[in-house]
Each structure stands twice: as structure tokens, then as C-alpha cells.
Amino acid sequence: MATTSPVPEDTSIAERSTADLLVLVSAMPSEQLARALTNLEAAFASESVIVATPNELTGEPRRLRMISTQQSSSGWALAPTDFVNAAQYGREHEARAILLLGPGADSLSPVALRGLADAVLKASIDLAIPHYSLPPHAGLINSAILYPLTRAVFASRARFPLAIDLGLSLRMAEQLANVAQSISAANQVEALIWPINEAVAAGFTIDEVDVGTRTMPQPSDPDINSILSLITGSLFGDIEAKAALWQRPRRPSPARRMANDVPGDDGTADVARMVSAFQLAYANLQEIWSLVLPPNSLLLLKRCSVLDAASFRMPDNLWVRVIYDFVIAYRLRTINRGHLLGALIPLYLAWVAGHINVTASGIPAERHIEAVAAAFEADKPYLVARWRWPDRFNS
Amino acid sequence: MLHRIDSALQQADVNTPAPPGSFDNASIWQHMSAALHQSLDRVLTQLIAVLPGLLAFFVALAIFSLAGALLSWLSRQLLGWVKFDSRVTHTIKSDWAPSSSPSEIISRVLFWGCVLLGLIIGVSAFDTSYATGAALPISLLPYLTHAVGAVLLLIAGILIARFLARSVLISAINAQLQYARILSLGVKWLVLVLTAAMVLDHLQVGGNVVELAFGILFGGIVLTLALAVGLGSRDLVSRSLESRVEHAGERTNIPDDATTASRTIRHF
Amino acid sequence: MKKIASTTDPLWYKDAVIYELHIRAFADSNNDGIGDFQGLLTRLDYLKELGVTCIWILPFFPSPLRDDGYDIANYTDVNPSYGTLSDFKAFLDAAHQRGMQVMIELVINHTSDQHPWFKAAKLAAPGSPEREMYVWSDTDQKYKDARIIFTDTEKSNWTWDETAKAYYWHRFFSHQPDLNYDNPQVMEEVLTAMRFWLDMGVDALRMDAIPYLCERDGTTCENLPETHVVIKKLRAVIDAEYANRLILAEANQWPADVRPYFGDGDECHMAFHFPLMPRIYMALRQEDRLPISDIMAQTPPIPDNCQWGLFLRNHDELTLEMVTDDERDYMYFAYSADPRMRVNVGIRRRLAPLVDNNRRRIELLNSLLLSFPGTPILYYGDEIGMGDNIYLGDRNGVRTPMQWTSDRNAGFSKCDPARLYFPVVMDPIYGYQVVNVEAQLSDQSSLLHWTRNMIALRKLFKVFGRGTLTFLNPTNRKVLAYLRNLDLDDGFRETVLCVANLSRFAQPVSLDLSEYAGYGPVEMLGYVPFPAITQEPYSITLAPYSFLWLELQAVTPSAEELPLDLNIETSASLASEGFSAPAGFAGGWAEFFASAGAAMLEPALRDWLPKKRWFGAKTRTIESVRVRNWTELPMGPKSDGFAENGTNKSAAIPPALVFFDVSYFEGKPDVYQMPLAISTGADLDEITVNHPESIVAKLTTASGLAVLHDALVRADCRDELLKLIVSNATLPVLEIGTATQIAAATPKTPAIGASEMPAEIIPAVSPAPLSAQPGEAAAPPRTATPVKESSDAQRLQSRESPFAGDAPHEGNQFAARASSAFPLRSAQLSSRVGSAEQSNTSVLYGKQLFLKIYRRLQPEENPDVEIGRFLTEVAHYPAIPPFLGEISISSGDGVKTTLAILQGMVQNEGDGWEWFLNELSKGLSSVSEKPAPELSPVPTWLSEHKPIPKSLEPVRATLEAAALLGRRTAELHLALAKGTDLPSFAPEPLLKEDLARDVERIEAQIKSVFDALKARLPKLDDAVCDRAALLLSRRPELIQRVRQMATAKTSGQRIRIHGDYHLGQTLRVTGLDAGKDASSVGQSDFMLIDFEGEPARPIEERRRKQSPLKDVVGMMRSFSYAAFASIDRAVTARGEGLAADPNALADWARLWQHTATAEFLSSYRDVMAVNPVLLPPPAEAQILLDGYLLEKALYEVLYELNNRPAWVHIPINSILTL
């Protein structure tokens, strides 16, 4: 690797020169890239910035210094190679901060870019996580599972644990690169890296930066089944790997001011379809759920199953228990993990249906999500207790 | 060889019991000893006839076992040298990981494959050497190997049926097919019936009847499913299909139009 | 080719869980009846699932197997019956792949007599290198002092060899000749063997019989310095050539003798802790922790990179070499009823049979194993509770095949049972049909599952492997309690408290955990929170043979911290309703209480209240708490806490003063008031961090986590209370069921006769200049519109029956009112909650105002308010903090309940009690060297004023202060007697009936106090006991004296008095402008505070008019206390030097007490002369004084008996001197 030899012969002086900020941009159509670069120029007028992109380096000359990277594999989220690259270029250019921008980063405003970079450059934060303002019914897996679970388990209130833009300090980047390398060494192609979890494990500082609206890239495979399995499976696996860490008592990070809801239409999403999906699953997946869920939860699910679509609610407590019991079952391999995550989908849809109904009744979505997250936090002892003593009887 | 057996049989035919009436002692003893001689002779000849086959069977088995051991040892060395295990274990998802190491499995498969090969070759050699018409208990030997295979088939079939049934159930539920349970049951029984047919076929029990019965049963199941889909839950199916189509339509809309995006649901 | 280490952590062995197994006994793959590596390979996943991180395999080398493989015939090969070298490698790789390390045996003390080296040595010429591989001698008398280890089989450590014509040396069996480490070639050969295995990737080596390597005449041939040289050489090679490897020493020695085997961290990494094992069993059998704590006390500290190896059982006998003879005999009696169970110096049994297959005992022992400092080593089969076979020879009874299934040969092998190397255990209790892995895997509550969970739990906490150990020494010796502590690299601190009950019966224990006060213990197995630790002993009750692992968590304001409340909340809703309305608080308190709020709050308060100091009924058990009604504080929309999130719905719930009934299982119910607020967001964090004690409950609301807490911790709430007073606000009192909306934030016009204009337009009080002294401001209430006294009185009167006509239908009315003396108007003052939390809570606004909020409410106006108002507004008495305002509730029928009182704050030097104590203790220490003074007579009402004796010159200041106090007291009484036109203040004559009632009361008190004293007599100190007995004998005399009171002819007048008068109720102030008294400004003076009366008495009684002499008595008693308390203080201040003659000091104290009392009385008398009718004539006054003194002292006796038995001598002595 270039870093080990003191003077890499094939890199010119210009490229080796240092920079305050290194920006890694994911591959994107050239007009998007142009927009993103313009935004970057606007955001960092005075700093020395190096932009690394897998796109071909053509087009009009810019003030920014450009270097090229290889294409990363995944299309919609940050891939392990992105982190490896980030750490490598960061070292080479002795960057003080690294900005990782995911696909569709052109929709990030210069202010947002500035904010992410400043958190690292000025506030000496190791990991700056963006806080997107999304429309009410977007990023629901994140709202239902990722955010509350990460918040409860890792005591980090970052609203988007799987954010696709990140501001990193160099040591954070190297930490993530180490993880990424061990993942790619293990050939786990589809694995995701959870920056927050790694930062918490390493004891680094995390901060959230408001970045406003951003168009989120569409996952390569828009099928909810595969997305849910991939993401939650990855998170569950990471929770299993860091068991000793998160079972320590941990001070929750201070609460942020309530995020403002992006006002959207009170869209009439197809709740009925999701509820019927849940009811169908309730009628058919009993045998599988009963392997995972305790009788209490099954009873509550039964009550839910008779609600009609308009009044459908998934009680927060129930949802918490469901997720926690699935985490436990994932760890214990109670049933095949693919099947397990598959069986979670109807329950998730039920939560979404309940969530939409709650928001339709006038409660802001963010408030409901915060309540869910608080319920997750409150019931964490249940997770720890079952994790440590997974006998089924008292569950 | 066949010829000699034939002639022995002919001899036995010729020396059928003496006509009634001649009951002298000497002749009785004579007859008895002759009968004994003949049966002894017959068995011996048969043994002689079988022995080479048997020998061939054992030789084949021994040779292939040795070859198998050699091959498995070689493969183990080779795989160990290329660090096959550590490479493989990372690639397979952990919940699929078998209890023994992959190179172990490969070398074992090689070994048992060779042994099986030897067994088959030996049996076929034996078969060719042995008159198929003779109904000696020894002929159960090849049958036994079939039985072992059949048991393995059965176990595999049941495991696959269970797994498939569950997979189908979950994915059908997630595809919101109302007849998910029927489908999963159908798949399960399909596999089970198929397994049963294969097992019976493998055991060479029933012959054509099995195939026939399997065809009927299989056809019946497929027909039932078709009817279930086609008639019983026609509108359910159509509704669910429609909603899927609609849903797909929504999805494609998302990236295009920001205004519609706020009204629809995005899971991620 | 050298393989790199399988782990990256050089200290991996500290966190390891080692599993000891014998290849022969574990699993047989080729069905020859002997276990092998291929078999072990198939069982690796079982071990991984169990949680094992290191596998220790007993010797597997070629051997004649006469000592279970410890007689090695070839160091660098595998015994053919166990497999081949490549099998071993395959096993090694497979183990590494599963993250498990492998430890093998390096038996370097001796070889088998079948080893080629020995065969060659026998034939070689004496002195040749081949011969010198072993230790030879022509006589068997060398090294006589070395003990014989296998006493059952060997008679000598020397055995004659016919071929060699010489004796050879062997510490163990005669077929195991010892290698000769004086021969360098031996070392070379051993190193070669060691490298052979380490190169292959073996992680750890267990060095067998390590103390016996070298021999020297005249020694025991154990632990010789030469031996350590050998070990250091081995270690040096390992450190130089390999990384992350381990040497484990088997040195069956006392801990102090084992210690050298660690060297300075340059010999062995680990060593077995042999003496611990028998002592654990002994402790269990004796039900006494002493054997364990004793041996741990003898265990020396070891270098940081070293570790003890702990085990309950192993492949050898439970060795009893490292115990005393008595202990050995005890162990034999206790654990080996059948002599067959004994072998050599030990007991050859497995864990389960040793403890009678008692699951609880097994679990207890394992819990000790897993939580003691060191690395636990499990012996194969003990995780399923396997039994043994005592009919097998030597130690083979514990080496039977592993029991996998209930199939043939326990699933160990498919061979003919007769072919097995040893038969499997087949008895009805431990037989493989019952005890096997398969069965236990399918049984969720099996020992196997238990062990697996425990190992997993241990592995979550590094503290077990690496932390320090501290024994707690509870008085109950059947309980073993210890703390494990570890500071992790990332600054996190793991603290685990382990408590184990060694008894077969339940045991109570109270642990001194004051060091961890404030920590919250969490039971580790189930993550169950336990009550928080306080300064008090921590009490736990333990079931028979039970153990507790408690993780002590520094109380962090985290979500985990309050699981109790939350569990109630979540589990309740899970169980019953399940549908928590996410917007439960939108409708304010009314909806909150109407929905589940009250049901949640009331139990939460029940748990929360007893923790509060201001909660009066600590000794009583609360039966229920019920919300009675509440008043919502009209918080403006722009208050600090919610500035950022004005849209926040929970902000729509203003803080409220909530009143609730607290009923007890015994006694009358109380009414308490509690300002409650719900906070979210930034407030929540602030409160959880800084005021966790104020949180009543945590709530899950639609807007996230919220806390329901004592509103006083929030500045905006405190300010609001002041604003209410300033604006003379009136607010409705709301009740559950009345869905009254919050009253408009603009306060209603107070229903006060004089002021009819809205408060908004004309301020109720005019602002006084900030520079004005509080007392001054009180004198002319309004500069612009002077108010006549009569109108004041009218106002006062109208408030006595306040809102009867105003709001007949609304029932209760909440009213705040500012006094006419209120100096300033709503200046923004920073506020804080007073730190000294008494039975009330005080809020301090800046340096000017002091708001006392009563917690327990009583249905009468509080005397403090009543008297304060009277003294400030009517009598203009300057020596009290000015009364500036009040908050009260008045019911429809005119009963007024005081909620809070606002007073001016007085700059002071602390209370009079502290001041007197300081001065006195200083003075006392200066006089202590002098001879004891002659005693002055007890001062009486009648005694003449005498000059202060010379000897008391050092404490003259205090005596002058006493005189000053006398004057102030008299002035107070004169002021209180001024209110002639107010019914509640007008003086009345003290009638005979009143006195009769007093006598009756005091007599009853004598009876109850004497009863209590009798009951407590045995518990008192000897000296006090004596005095108490004397007191008891004086009973008739005392009664006689009390009855005299009723005979007084004229007894003066009854007036309102202070009621609870003592030094603590005075403030030492400088520069008090004493107004009319013309005392010079700047001089020290006293202010009198707290006119509440004795809080324990009902208000009605406190408001009763009484003889002013009662206050005089209170102060006299207080002088007595000050005198004796100052002795204590002087002694502690001076240390031992003073303790020499406490009696002399007591004399000094008594002298001071008498003089001060005399000073006080004489100046009091002088000032009171202004109004002679108030007091009876001197003779009668003395009788009354004595009676009241007795009453007061009796009260004190009772109080001290209940609270401070060490102080009870003070009132007892005082009564005796009466």
C-alpha cells in the first residue's frame, strides 16, 4: 500500500499534497456530479479540498482538486470499499476531515456540506451524522427499527444510523476502514457498516448535523423483503457482535431539540393493504411467530389482527418486544435467519400501518417515532435480560 | 458358467426319485446319498459360480476404498495447503455452516464417493457373475444398498420439504397471496410425494404402479392448486395481483415526481 | 514452518474459559473403544456452543499408559490409538478456526521408562551423556528429605535398576524416571520438543509437576532456585520465538510457594491455585466462608501479566496436600464416606457426586469458580453433572467416557461395550441414560444450559478475568460476599458484587456498601434492578445455596436507570390494555389524571415519597396515595424551559401544585402538597442529570421520553410562584372529574376588601427601594397611601374567614398574597432551592426573598404565617425576618390552609445554636487545663443577678449573648401581647383550668416517658443506665412537683408564643437595626425565626395561647444542650489530649449553663417588667417554670431515646438537678 512506502513513486507532488478536507463522492451521473461539485465549491470557498470520485475526470476545470477512485460496489448505501478508500486517501493527503457523500449528494445544500465538515474540523467531532428532513412517510425502516434500536442499544440518538453522507475524522475513517477490511476479507459482500456502532465501540464523539432535505437514492432492489432482511439482518448481526459493549450501562446522548416535521400531505397511503397483509400473515405465520415471540406478544398480535384498517394501531410496547424478541431469535438461531427476517416483514408492515394511522390522527410523525424510540429505551432491560438468560419459559 | 449350472439342473431332473415300489435299503441310502451329493454339488457349483463375482465385488470395493482414501487424503492436503477452509467459511453465511470444516466434507465426500463407486462396480460385477434368476438371499445385497440410498433420499426429501414449505409460506405471505398456506402445504406435499415416489422407485418396489400413482397424485395436487388459484380464490388472487401491479406502479413513480413521493410510503 | 499465534491478545488467557478433556475419554470416531482426535473434531462445535475458549488436552503422546499418558515415551508424536499427527493438526486448525485455543501437556519432569532415552541410559556407562539424562545414584539414601507423593504405591523415590546396577530417581511412579536438568542436553531436548508443538500452532503448554525439576541434597527437592532457572530458560525461548503463548504451571504448593513460579512475569503466565479448591468444598460443607477468605488472604499478589488458574475438579484426585492435617481429616469425613473414594492424599470423585448431586450446590460452586479472580477451568463432563465410578483403580473413576447420548456406550463409541477403555457410568443416578448431553440440550433448564448461560454471561464482563477482588465481611459468616472491580481502558468501570450463601438454609445478610452509596445494583443473570445502595447497610436475603451477581452501576441518568417505574408502565399496558394513547397529555392535568395518569402517578409517588426528607411519616408504611385536587400554575407561553419548542404539546401542561392524600396502614392520613411538572427535551436532560432525585416517574409520551418531577427544580416554576404572590393571584382548585380548563393566566382580583382594583393596574404593594432594609420596609407599608393599623386589622380579620361568600360553588380557592411589607415587585431574581431540606422545602430568590413551601398540609392557617404577619404588619417587631407574602388555599367553609410563606431573607452568620456551640467549644478547650470550678447553684426565677464569674471570662461573649436573647425574647412576648383587638392574639388570663390541664398532660407524659425509659434501659450505656434508674426512682417526687403547679394562685396571662423556642430558632446577625431599642448598628444580635411551633403537634394545639414561660423554658433547655454538645465538639476538635478528664469539662459546662441561664432569666425579667400582668409573681413563676422545664426535658428524653440514645444523658441529668 502506498502509505507504507515513504515516497510513493507514481504519485505526483500535487496529488500528494495535503488538504483540509477530503470529499469522496459516489458514482453519479455527470450532471449530478457537476451540481454536487458546484455546491462543494460554494461551501468551501477558502479551504483546500480534494474531491475523489469514481467518475471520469472530464469536464470544465474546477477550483477543486480532483482525484479518481475505483467504483464502489453498492449503489445506494455506503459500501465497505468507500470507507477503505476514505481512510487511504485521508492518510495520503493528511486530511483533517473526510466527507463521504452517497449517491444523490447533489441535493445536499452547501450549508449542509459545510455543517458536516465543520462538525469535524471545528468542533473536533469524530463522526458527524447528518439529520435529514424527510417527508413524513419516508425512511420507515429507519424510523421503525434502525433508529429506535440503535438509540436504545447503543445510546446514540442519531436519527439516521445508516446515513449515506458522513463527516469523519481521520481516526474515525481508519477505524471504519479496519472494520470494512475485515468484512471484505470475510467476503461478506452485502454487509453494511454501522458508523455509529463503531464510533460508540471506539469511544469516539458523535454529533448530528441538520442537513435539511435531500433526495434519497433508491435502493438497487426496491423490494421491501430483501431490503428489510438485508438491513435489519446486518444490524442484528452487529448487535450480536458487540454484546459485551452495549450491555454496559451507558449514558444516553443528550436529547436534541425536536426535529421539525417536514409538512407533507396527510397522504392516504394504502393502510388497508398493509393491514390485510398483516392479517393474512397472522392467519398463516402463527407457527413461525410462536417460535420467536412469547405468548404475551402473540396475544397482543391477536388483538391487533381483529382491528380494522382505519383504527389499526400497533402498540409501541408490542413493537418493542417484537423487535427485541427477533433480535434474540436472530442471535440464538431459533429458526433459519432468512426465514426469521422474512417473518418480520408483515409485523413491520403492521407497524407502518399503525404509524400512518397515528400520524393521520394529527400527531406529528416525529413525535410518534420519538415515543417509539423512548419505548425502546425503556424496555432495554428486557432485551438484556433475555440476551443473558434466554430460557423460553419466562419470556 | 451358466452352461454348467444348466447341466447340473438337467442332471437333477434326470435323477428324479425312483419309481414307487423299489424300496430296497441299499437303494434308499443310495438315493439319499445321491440326493445329498447332488444338492451339495449344486450348492457348490452355485458357490463356485458366485465366488468370482463375490471376489470381484470385494476387490472392487477394496481398490476403490483405497483409492478413495488416497484421494481424500490428497484433497485434504491440497485444500489445507490452499487454505480452503478459511476462505470458504467466510463466504458461506454462518447459519449455513456445517458442523465440520468444508475441506473435511470434501475429502469425506470424495472418500465415500469412491467407496460407493467401488460398491456399484462390485455389485455390477457380482450381478453379471451371478445368475439373476436364482433367488438366493445373497441377492438382497444390492437391494440393501438401494435401501440405504432410499433412506437417505427420504431424509433429504423431508428436510427439503420442511424448508421449502416454510420458505414458500413466508415469501407467499410477504407477496400477500391469500392462498399462502395452501401453496406452502402444496409445495410440501409435492416434495414429499416426489420423495416417496423416488424412494419407491429406488427400492424398485411396485414398478410401474408407483410411477403411475405418482403421476396421478402429482397431477392431482397440481390440479388442486390450479383450481384453488383459479376458482376458489379467484378474486382474492386478482385483487392481490392488482394491488401488486398498483404498488409496482407507485414505486416507479417515486423517483420521478417529488410531489407524489410525499404521499407514498418509502421504507427506506 | 512456524505458525503464528491464533489470537492477537497477548493476555488472552485472562479472559479464557478452559475446558479440560482427555482425548481417550471424549469421543471415539473409529469405534475402537478409545477416543481419538477425529472424534474430538466432531465435538468441537459442542464446546464452542458451551462457550469454551481454550481446550486443554491431557497427554496424548505415545506412552505405555501406566499413568494415564503422563509417562511419555515419545515427546513428538501422537499415540496411535488417538490418531495421527495430522489428525492433531486438523484438530488444532479446526479449534483455531472456531476461535478456541489449544493447550497441551509438556511433561518435562520425567519420562516413561519405555522412553528411548531411558532405555539407552540404562545401557550406557555411568557418567556418559546418555546415562546422565536421568538421575542415578548408587544409594537410595540421597535426597532423603523429599516427600513421597504417591504414598499408596511407592515406598521410596529411588528404584533399583538391574541393568544399570544403580538406583534411579523418580518423584512419582517408579516407571517414571525423572530427567536430570543438571545435564544441559536434557534442556536442549526439552526445548526441541516444545518448539515442535509451538511451531505447529499450539497456544498453551501446561507444565506438569513443575516444582520437582531439580534435586539437591539436604532439601525437599521442591521449588529449588535451580528449577526456576530452568523455567526462566523455557520462558525466554517462548518469548523470543513466539507470540501470545502461555505456560501454565502445575505446582501443587501453598500460594506463597507458587508465587515464585510467576517470577517477575518472566516464568509461568499462569499457575493453578491448588489450595483454593479443597477450601471451597470445606466452606460449603462447614457452611462458613472462613476457609475461602482465609486462603485468599494468604494468596499473594501476582504480576500483572499473570493469572491464577481456578478449578473445581480435574483429572486427578481432589488433592488434600495443601491443607492442614485437621482440615484433611475433616475433608475425608465430609466427602469420602467410602474409603474407596480416597486415593493418595485426596478424594477421587467428580463434582456432582461430591456434592450429592445437588443442583444448587453445583451451581453455587460453579458461580464461585466463574467469579473468582482467575481463569476458570472446567473438567469435561462436569457441565452436565457426570458421575464417577469408584470401582475403577487409581484416579480412573473420574476418567470414564463422556456421556453424549442415551444410546449404546453413551454415544461415545459404537464399539462393543466390553471394548471400551473404561466402562461408561451406568448407575441409576448418574448413568448415561439419565445424564447425557443430548438430553440436557433438549431440556432448557438443564445444568448444561445453565452452565452455558453462565459462561456466556461471564464472558460479557472482563472484570471476572482481570478485576481486583475485595472481600466484604458481613457478620453472617455463612455468606461469602466479594467485590470485583476493573477499570477498563476506555475509562469505564466494571464493578460486580458477588454474594453467595454457603448454607443449606436461607440466610439474611447486610453488607457495608457505603463506599458505593448511590450505586444501583443490577442482578446480572436477569438484568433485574435492585434497590439502590445507600449509606445504610445493604440487606439481602439469600435462598439456600443461592448466589447473586450484582453489577454495581454508577447511577447514570439513563433509560436503564428507571426500569422499575417503566416496567410498571410497560408491563401493565402490555398485560391489560396495550393501547397507550400516544397523545395522553394533550388535555392537561385533568385529562392526565382522568386517564391512566393518576393510576400511574399514585403508585409512583408511593415509592418516591419515603425517600424524601420532608416526608414526615417515614416509620409508617404508605397504604395508598390519592390525588385530591390540584391548581395549575398559569405559565406564560414564553417560559425558559420551552422557549425552543413552543409547539411542544407537553408544554401545554403547565406545572401544577398537586394535593394528595397519603393514607397509611396505621394512623391518620395526611395531606401533602407537591408541585409537579412534566418536562421533556432539554429540561429532561437537565433534570435527569442534576436532579435525578426529583423525578417521580418517567413517561413515554408522544413527544418522546418525559419526566414527571418535583416542579421546584425548574427555575421557571419557582419564578411563577413568586409572580403569583406579587400579583396577588387567585386560581381555581381543580378536581378529577371537573374538566375545568386552566384559568386564564391573568390572575383574578384577589378578594381582599381593601383592594378592589385589578392587580394588573394598581400593584397590591408599592415597590420599596432595593437599598431599604427589610425591617424598614416593613414599618411604613406604603409611602403613598399610609394605612391605619385598624384597616390592617380589618384586612387580617377578613382573611380569617376569607372566601366564604366569594366562591360558594367552586369550593376551594387558591390564593397568593403579598404582604404590605413586600419591598420590590417581580424583579428578576435568580432562584434556587435551599439545600437544607427539612420538613419543608425552601426556595431562595436572590438574596432577598425566602419562600418556604410546606409539604404536609394542615387544615388551619400555619402559625408561622399567622404570627409572622402579625409581628410584621401589626406589632412591627423588628427582630424577625419580615413576612412578605403567602400562598394558601381556603375552602368554602372558611378553613384556610397555608401552602407557602414568603419572608425576607436575613444576612446571618448561621443559627444561634451553631454560634453558641462554636464559641463554647473554643472557650471550653481553653479552660480545660484549669481545675474544675466550684459549682454554682442552679439558677431560678428568684435568684439575684450575679456578675459573671472570672473563670468564665473566655466565654463572656456567649453569656452576653444569653442576656441579649433574654431581652429579645421578652420583647417578642411583649409584641405578641399587643394584639389586644385580635381574638387570636389578645392576651387572656391563665386560668386554674388551664393549669390543671397542664398538670394532667405532664403527668401523662411522665408515665409514657418512664415506660419508654424502662423498656430501653437494657440497651443504654452503663453510665446513663445508672442515671436513668435514678430518675425512674424519683417518679413520685416528680409527680408531686408537677401537682404543685395547680396550686398557683395567680398565674399571669396566656398569649401566643413562639412554641418551639430554642437556639436553633434564632439567627445570629450583625448589624441588625434594632429600631426602637437603639442598640448600636453593627453589633451582633439575634433574630427569631420559625414560629411554626412543634411540627409534630396538630396546628390547633400550636395556635393555642400559652404562658410565655414555655418559651423561656425552651431556651433554658437549649442552653443545657449547648453546654453538653460543646463538650463533644471540643473533644473532637482537640483530639485525645482533652479526652483525659471529661468530668472536669462537664463541670465547666454546667457552670456555664447555670450562668447563661441566670443571665438570660435576669434580662428577660427586667424587660418583661414593662407589662407585669403577663407573668405571675416570682414564686408562682418558679413553680410553673419547674413544671414546664420538666415537661420539656421529658419530651427530650423521649426524643433522644428514639433518635439519639447517646444524648439521652443530657435531659436525664437536667431532670435530676431540678
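Surface patches are made of residues with over 30% relative accessible area and no salt bridge, and nonpolar side chains are joined within 5 Å. In this predicted model, chain B carries one such nonpolar patch on its surface, formed by L40(B), V43(B), L44(B), L47(B), I48(B) and L51(B). Together these residues offer about 540 Å² of accessible area. One of them, L51(B), sits in helix α2 of chain B, which spans residues 25–81. The relative accessible area of L51(B) is 46%, so this residue is partly exposed.

A contrast comes from another helix of chain B. S107(B) belongs to helix α4, residues 102–129. S107(B) has a relative accessible area of 1% and is therefore buried. Beyond residues up to four places away in sequence, S107(B) touches S72(B), S75(B) and R76(B).

Chain A was examined next. The secondary structure of chain A consists of 16 helices and seven strands. Of its 395 residues, 63% are buried. Among the contacts in chain A with a separation of 6 or more, 79% involve residues 24 or more positions apart. The chain exposes about 13700 Å², and 54% of this area comes from carbon and sulfur atoms.

Confidence in chain A averages a pLDDT of 82, and 85% of the residues score at least 70. Residues 1–15 of chain A are a weak point, with pLDDT under 50 throughout. For this stretch the model has eleven contacts beyond four places in sequence. Where pLDDT is low, predicted coordinates should not be read in detail.

Chain C has 1218 residues, and 60% of them count as buried. Its secondary structure includes 34 helices and 40 strands. Of the contacts in chain C between residues at least 6 apart in sequence, 72% join residues at least 24 apart. The exposed area of chain C is about 46800 Å², with 54% supplied by carbon and sulfur atoms.

The mean pLDDT of chain C is 81, and 86% of its residues reach 70 or more. Residues 637–651 of chain C fall below 50, and this stretch has 20 contacts beyond near neighbours in sequence. Residues 739–810 of chain C also have a pLDDT below 50, with 89 contacts beyond near neighbours.

One sheet in chain C illustrates strand order. Three strands form an open, antiparallel sheet in the order β11-β13-β12. Strands β11 (318–319) and β12 (342–343) of chain C stand at the edges with a single partner each, so one side of each has no neighbour in the sheet. Strand β11(C) pairs with β13 (residues 346–347) of chain C over two bridges, in the antiparallel sense. Within β13(C), G346(C) stands opposite T319(C). Strands of a sheet pair through backbone hydrogen bonds.

Helix α25 of chain C, residues 956–976, contains G966(C). Its relative accessibility is 0%, so G966(C) counts as buried. Leaving aside neighbours within four places in sequence, G966(C) is in contact with F1160(C), S1163(C) and Y1164(C). S1163(C) lies 197 residues from G966(C) along the chain, yet their C-alpha atoms are separated by 5.3 Å.

Salt bridges were then counted. The total over all chains comes to 85. In chain A, R159(A) forms a salt bridge with E366(A), and the closest N and O atoms are 3.0 Å apart. This pair links distant parts of the chain, 207 residues apart. R159(A) lies in the loop between α5 (140–154) and β6 (165–169) of chain A, whereas E366(A) lies in helix α15 (residues 365–378) of chain A. Both R159(A) and E366(A) are buried.

A salt bridge in chain C joins R1056(C) to E866(C), with the closest N and O atoms 2.9 Å apart. R1056(C) is in the loop between β38 (1053–1054) and β39 (1066–1070) of chain C and E866(C) is in helix α23 (residues 863–874) of chain C, so the pair ties together parts 190 residues apart in sequence. R1056(C) counts as buried because its relative accessibility is 1%. E866(C) is also buried, with a relative accessible area of 3%.

A further bridge lies within a helix. E960(C) forms a salt bridge with R956(C), the closest N and O atoms being 3.4 Å apart. The two residues are four residues apart in helix α25 of chain C, so about one helical turn separates them. E960(C) is partly exposed at 44% relative accessible area, and R956(C) is partly exposed at 31%. Elsewhere, salt bridges that share partners join R24(C), D67(C), D68(C), D316(C), E317(C), R395(C) and R399(C) into one network.

Definitions and conventions. Residues are numbered from 1 along each chain as its sequence is written. Chains are lettered from A and ligands numbered from 1 in the order in which they are written. This is a predicted model: local features need pLDDT of at least 70, side-chain atom pairs count only at pLDDT 80 or more; totals for chains, interfaces and linings use all residues. Side-chain values use heavy atoms; hydrogens and water are left out. pLDDT is the predictor's confidence in each residue, from 0 to 100. Contact means heavy atoms within 4.5 Å. Patches are made of residues with over 30% relative accessible area and no salt bridge: like charges are joined within 9 Å, nonpolar side chains (Val, Leu, Ile, Met, Phe, Trp, Tyr) within 5 Å. Accessible areas come from the Shrake-Rupley method with a 1.4 Å probe; for residues, only the protein chains shown count as cover. A salt bridge is a side-chain nitrogen of Lys or Arg within 4 Å of a carboxyl oxygen of Asp or Glu. Buried means under 20% relative accessible area, exposed over 50%, partly exposed in between (1.4 Å probe, protein chains only). Two strands pair if DSSP finds at least two bridges between them.
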